[in-house]
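Please open the structure in a viewer in which single residues can be selected by number. The tour below proceeds stop by stop, and each stop names what to select next.

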Amino acid sequence: QLQAFGGGSVQAGDSLRLSCAASELTFSLYHMGWFRQAPGKEREFVAAVSRSSITTSYADSVRGRFNISRDNARNTLYLQMNGLKAEDSALYFCAARRDWGTVGEEYWYWGQGTLVTVSS
């Protein structure tokens with residue numbers, strides 16, 4: 001089970017950190033990802049981190065502004081979002097998969113979303 005939290009309403013340029021707490025699964029065995037979905041748009045990949053944090057991947061739209069990390073000892077995934085823009089407003093989801101990849105449909109487990117609203 002995955003539970004995302006940390007969303008909120010911020011101004012453009014602000015920072016926000018999302019967290020995703022994992023329970024009832026062996027967190028360290030899963031590659032983890034963040035996805036987002038804005039109203040009227042399809043879900044899109046944001047970032048992913050490998051089991052041991054050696055490998056990360058980012059969508060072009062967030063590279064350089066967002067940072068994904070994880071703490072396997074705490075069973076927690078993070079997404080540090082800096083320089084937020086209005087177009088970052090969306091419902092953000094965390095997800096887990098056993099093999100590496102960034103395709104949402106291939107993720108096994110999903111948390112509920114946490115809403116991020118950025119005002120310009």
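The stops that follow treat the disulfide, the nonpolar core, a network of salt bridges and several loop residues. Please keep in mind throughout that this is a predicted model.

**First stop: the disulfide**

Select Cys-20 and Cys-94, which are joined by a disulfide with an S to S distance of 2.1 Å. The structure holds 1 disulfide. This pair links distant parts of the chain, since Cys-20 belongs to strand β3 (residues 16-22) and Cys-94 to strand β9, 74 residues apart. Turn the view to look along the S-S bond: the link of Cys-20 and Cys-94 is right-handed, with 65 degrees about that bond. Are these two cysteines buried or exposed? Both Cys-20 and Cys-94 are buried.

**Second stop: the nonpolar core**

Next, select Trp-34, Leu-77, Leu-79, Met-81 and Tyr-92. These residues have the most contacts inside the largest nonpolar core, which has 36 residues. Which strands each supply at least two residues of this core? They are β1 (2-5), β3, β4 (31-37), β5 (44-49), β7, β8 (76-81), β9 and β11 (114-119). In soluble globular proteins, nonpolar side chains tend to be buried together.

Keep Leu-77 selected and display its surroundings. Leaving out residues up to four places away in sequence, Leu-77 touches both disulfide partners, Cys-20 and Cys-94. Among the other residues that Leu-77 touches are Leu-18, Phe-27, Met-32, Trp-34, Val-49 and Ile-68. The contacts of Leu-77 also include Ser-19, Gly-33, Ser-69 and Arg-70.

**Third stop: the salt-bridge network**

Now select Arg-36, Glu-44, Arg-65 and Asp-88, which are linked in a network of salt bridges. A search of the whole structure finds 8 salt bridges.

Begin with Glu-44, which forms a salt bridge with Arg-36; their closest N and O atoms are 2.5 Å apart. Glu-44 counts as partly exposed because its relative accessibility is 35%. Arg-36, in contrast, has a relative accessible area of 4% and is therefore buried.

Move on from Arg-36 to Asp-88. These two residues also form a salt bridge, with 2.9 Å between the closest N and O atoms. Because Arg-36 lies in strand β4 and Asp-88 in the loop between β8 and β9, the pair ties together parts that are 52 residues apart in sequence. Asp-88 is buried, with a relative accessible area of 1%.

From Asp-88, continue to Arg-65. In this salt bridge the closest N and O atoms are 2.7 Å apart. The pair again links distant parts of the chain: Arg-65 is in the loop between β6 and β7, Asp-88 is in the loop between β8 and β9, and 23 residues separate them. Is Arg-65 itself buried or exposed? Arg-65 is buried, because its relative accessible area of 14% is under the 20% limit.

Display the neighbours of Arg-65 before leaving this stop. Apart from residues within four places in sequence, Arg-65 is in contact with Gln-80, Met-81, Asn-82, Gly-83, Leu-84, Lys-85 and Asp-88. Met-81 was also selected at the second stop, as one of the residues with the most contacts inside the largest nonpolar core.

**Fourth stop: residues in loops**

Select Ala-38, which is placed in the loop between β4 and β5. With a relative accessibility of 18%, Ala-38 counts as buried. Beyond residues up to four places away in sequence, Ala-38 touches Ser-89 and Ala-90. Add Leu-115 to the selection: Ala-38 and Leu-115 are 77 residues apart along the chain, and their C-alpha atoms are separated by 9.5 Å.

Then select Ser-53, in the loop between β5 and β6. Its phi is near 70 degrees, a positive value in a residue other than glycine. Ser-53 is partly exposed, at 36% relative accessibility.

Asn-75 may be viewed alongside Ser-53. Asn-75 is found in the loop between β7 and β8, and its phi, near 55 degrees, is likewise positive in a residue other than glycine. The relative accessible area of Asn-75 is 29%, so this residue is partly exposed.

Finish at Glu-106, in the loop between β9 (90-97) and β10 (109-110). Glu-106 counts as partly exposed, at 41% relative accessibility. How far apart in space are Glu-106 and Ala-86? From C-alpha to C-alpha they are 28 Å apart, with their positions 20 residues apart in sequence.

How values were computed
Residues are numbered from 1 along each chain as its sequence is written. This is a predicted model: local features need pLDDT of at least 70, side-chain atom pairs count only at pLDDT 80 or more; totals for chains, interfaces and linings use all residues. Side-chain values use heavy atoms; hydrogens and water are left out. Helices (H or I, at least four residues) and strands (E, at least two) are DSSP runs, numbered from the N terminus. Buried means under 20% relative accessible area, exposed over 50%, partly exposed in between (1.4 Å probe, protein chains only). Contact means heavy atoms within 4.5 Å. A disulfide is a pair of cysteine sulfur atoms within 2.5 Å. A nonpolar core is a set of buried Ala, Val, Leu, Ile, Met, Phe, Trp, Tyr and Cys residues joined through side-chain atoms within 4.5 Å. A salt bridge is a side-chain nitrogen of Lys or Arg within 4 Å of a carboxyl oxygen of Asp or Glu.
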